[in-house]
Amino acid sequence: MDNELAIEVKNVTKVYSLYSRPSDRLIDTFHLMPWRKYPKNEALKDVSFSVGKGETVGIIGTNGSGKSTILKIITGVLTPTKGKASVAGRISALLELGAGFNAEYTGIENVYLNGTMMGLSREEIDKKLPEILEFADIGEYVNSPVKTYSSGMFVRLAFAVAINIDPEILIVDEALSVGDVFFQAKCYRKFEEFKKQGKTILFVSHDLSSISKYCDRVILLNKGTKLGEGSAKEMIDVYKQVLVGQYKENADNQGKEGLNPETLEYGSKKAMIKDCKIYDHTGKNSNALIKGQSFKISVDYSVLEDLEAPIFAFSFKNVQGTEITGTNTMIEKKITDAIKGGTDLTIDFVQDMNLQGGEYLLSLGLTGFEKGEFTVYHRLYDCINVTVVSDKDSVGYYDMNSEINITWK
């Protein structure tokens, strides 16, 4: 294993036998009926990747894609059917609620139990205990059995233990989704501290904004195979295609005339986005917009087949790939009736530009419902680069246009 790597996964395959009755597992394990064959499920198929020391890497994918399975193999909870996973450094993992905690023990007792399992001496845990309890912030409940905890209290304590034992590698699997917003903010600040300290984080989440913000690189899994790895923006764009059943390898992603030729494009093409222009507050066609002024996004569509309930949308992302804002005709209650094939139309989205000064990417979508099922007709991701010009930027992504009044007493 390379000295610069914290985690290395090589050609890992995990196959489960599917049993209809508990007794079948016993029969199969001890080969009591060698002629009996059981159906197999390949949870992982020849997956390989590595994580460098100090990297924050995200793993995304739909339910059943193998995300949790690969984390359990990396942490030694599961053994691969084929292949190998290697780890260099002390590892702390939050894989699922309840893992490593004894429900009958108190919170304090579980802190010592988990600390010991992670290789700490009692004296080391004694030193870290105040910091753990302060981070968990569950008060006197630390002296109560864990079985009396709410899921939120449980994850607060579990996460506090995991990140305060000074791990070199932290692995988190969706554990933050049950914490309240204030606790999540505290956890993400800890992520930032870990990154600055050069620690390694492997992070599984369905929260694409967090994946985009914190991850240096992202691995995309689907049905047990690795579809790809790359920047958060690239992999999230592909993941969105997977979610709506529109992913095609080597798809032709050439944009439309007047749009970015590197635009990511997909959909059934029953209706098409033909062109898009942006007009500034003076009515001039321009990609440079003045903060605080109105602007218009004008999109031309061509409907090729009958549509039951089309939805027309746009969104802005920053250059890191985080979706900042957007809207659609359904949200704005401008719902159109069914549209006949052979119809052309233009939709103008008019609004004020309140984003901070900087570079943004515009994405367009044409979706809808067919017999109650959501469907994508055409999507263009990152089709136009928009520059917001500003002489006053406030904190965060957008300006609340605050007015300050001072009254002297």
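The following paragraphs describe a predicted model of a protein chain, moving from its overall form to selected residues.

The protein chain contains eight helices and 18 strands. Along its principal axes, the C-alpha trace extends over about 80 × 70 × 45 Å. The chain has 409 residues, of which 45% count as buried. Its accessible surface amounts to about 21500 Å², and carbon and sulfur atoms contribute 50% of that area. Charged side chains are present with both signs: 48 are positive and 55 are negative, and the centres of these two sets lie 5 Å apart. Contacts also link parts of the chain that are separated in sequence. Among contacts between residues at least 6 apart in sequence, 70% join residues at least 24 apart.

The helices offer a place to begin a closer view. Helix α3 covers residues 107-117, and its buried residues are Gly 107, Ile 108, Asn 110, Val 111, Tyr 112, Asn 114 and Gly 115. These buried residues pack against two other helices, α4 (122-136) and α5 (151-163). Just after α3, the chain reaches Gly 119, which adopts a positive phi of about 100 degrees.

Aromatic side chains form a further theme. Across the whole structure, a search finds twelve aromatic pairs. One of them joins Phe 191 and Tyr 214 in an edge-to-face arrangement, with 6.1 Å from centre to centre and 90 degrees between the planes. Phe 191 belongs to helix α6 (residues 181-196) and Tyr 214 to helix α7 (residues 208-214), so this pair ties together parts that are 23 residues apart in sequence. Are the two partners buried or exposed? Phe 191 has a relative accessibility of 1%, and it counts as buried because the cut-off for that class is under 20%. Tyr 214 is buried as well, with a relative accessible area of 7%.

Phe 191 and Tyr 214 also belong to a cluster of aromatic residues, together with Phe 135, Phe 159 and Phe 203. One member of this cluster, Phe 135, has a charged residue over its face: Lys 186 lies there at 5.1 Å from the ring centre. A comparable arrangement involves Phe 194, where the charged end of Lys 199 sits over the ring, 5.6 Å from its centre.

Two loop residues complete the description. Ser 205 is located in the loop between β7 (200-204) and α7, the helix that contains Tyr 214. At 7% relative accessibility, Ser 205 counts as buried. Apart from residues up to four places away in sequence, Ser 205 touches Ile 59, Ile 60, Glu 174 and Ile 211.

The second loop residue, Asn 354, lies between β16 (343-352) and β17 (358-370). Is Asn 354 buried, partly exposed or exposed? Its relative accessible area is 24%, and Asn 354 is therefore partly exposed. When neighbours within four places in sequence are left aside, Asn 354 is in contact with Lys 291, Gly 292, Tyr 398, Asp 399 and Asn 401. A further distance can be given for Asn 354 and Val 388: the two are 34 residues apart in sequence, and their C-alpha atoms are 9.1 Å apart in space.

Notes:
Residues are numbered from 1 along each chain as its sequence is written. Side-chain values use heavy atoms; hydrogens and water are left out. Rings of Phe, Tyr and Trp (its six-membered ring) pair if their centres lie within 6.5 Å; planes under 30 degrees apart count as stacked, over 60 as edge-to-face and the rest as tilted. Helices (H or I, at least four residues) and strands (E, at least two) are DSSP runs, numbered from the N terminus. Buried means under 20% relative accessible area, exposed over 50%, partly exposed in between (1.4 Å probe, protein chains only). A charge sits over a ring if NZ of Lys or CZ of Arg is within 6 Å of the ring centre and within 35 degrees of the ring normal. Contact means heavy atoms within 4.5 Å. Accessible areas come from the Shrake-Rupley method with a 1.4 Å probe; for residues, only the protein chains shown count as cover. Lys and Arg count as positive and Asp and Glu as negative; His and the chain ends are not counted. The place of a charge is taken as NZ of Lys, CZ of Arg, CG of Asp or CD of Glu.
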